[in-house]
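Welcome! Here are some short exercises to work through with the model in view.

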Amino acid sequence: MLAVPAAANTADFTVSENGTVLYAEAEFFGSSYLLVTPGILGEDVALETVSSLTLISEDGTVVEPKNTKGTLTFPEGNYTLTYEVPISAGFVYAKFPEFFDVTITLPKPYTTGNKILGTVSSGGIIKEDAEKTVVPFNQTKVASLTFYEDNREPILYAFLAGWLVVLSLAWMRYRKIKKNRMKI
């Protein structure tokens, strides 16, 4: 019996209401899946804290994958994979062995997209509404973003404005001292 490939490999990631857990669900055709995060030098490091991992084949049977340094392997076929991972520092990262359509959903009050507070990897398009922020990626092998509470952006701008005032006052004082020295 031949397995028919799924229409498209898809992965949906949802951040929990308190921002500490990432819920993942992937539907794909293949024989491997990656559970990795970037290391200090950018190398792939296996996720150690994956929980509730369930791999179900298209006929409904639960498959036990082999995990080798963050690479899950199993017989080729159509699968649905679900798992949970703790989130550290608001960073969401997923790497895939093949191209996937990826969607990352952030509940309010979380958002992303500020160049200083939280960036989105290439290919991600930020879509916000009153209840959530959704970032879809089309046919990618890597999807990542950093999220933050939406009230942090005004705080950042207030902090930067305060420093701008301090620097302006210091510059004006410097210019006044320099002008007084030239008069003498």
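Helices (H or I, at least four residues) and strands (E, at least two) are DSSP runs, numbered from the N terminus. This is a predicted model, where local features need pLDDT of at least 70 and side-chain atom pairs count only at pLDDT 80 or more, while totals for chains, interfaces and linings use all residues. Residues are numbered from 1 along each chain as its sequence is written, and side-chain values use heavy atoms, with hydrogens and water left out.

**Exercise 1.** Find which element gives the most to the lining of the largest pocket.

*Solution.* Start with the term: on a 1 Å grid over the protein atoms alone, a pocket is an open set of points where a 1.4 Å probe fits, with protein on both sides within 12 Å along at least five of seven lines, and lining residues have an atom within 4 Å of a point. Next, list the elements that give two or more residues to this lining: β2 (21–34), β3 (36–38), β8 (71–86) and β9 (91–107). Among these, β9 gives the most, with five residues.

**Exercise 2.** Decide whether F29 and W163 are buried, partly exposed or exposed.

*Solution.* Recall the cut-offs: buried means under 20% relative accessible area, exposed over 50%, and partly exposed in between (1.4 Å probe, protein chains only). F29, placed in strand β2, has 22% relative accessibility and so counts as partly exposed. W163 lies in helix α1 (residues 152–183); its relative accessible area is 46%, so W163 is partly exposed.

**Exercise 3.** Find how far apart the C-alpha atoms of F29 and E131 are.

*Solution.* Along the chain, F29 and E131 are 102 residues apart. In space, their C-alpha atoms are separated by 32 Å.
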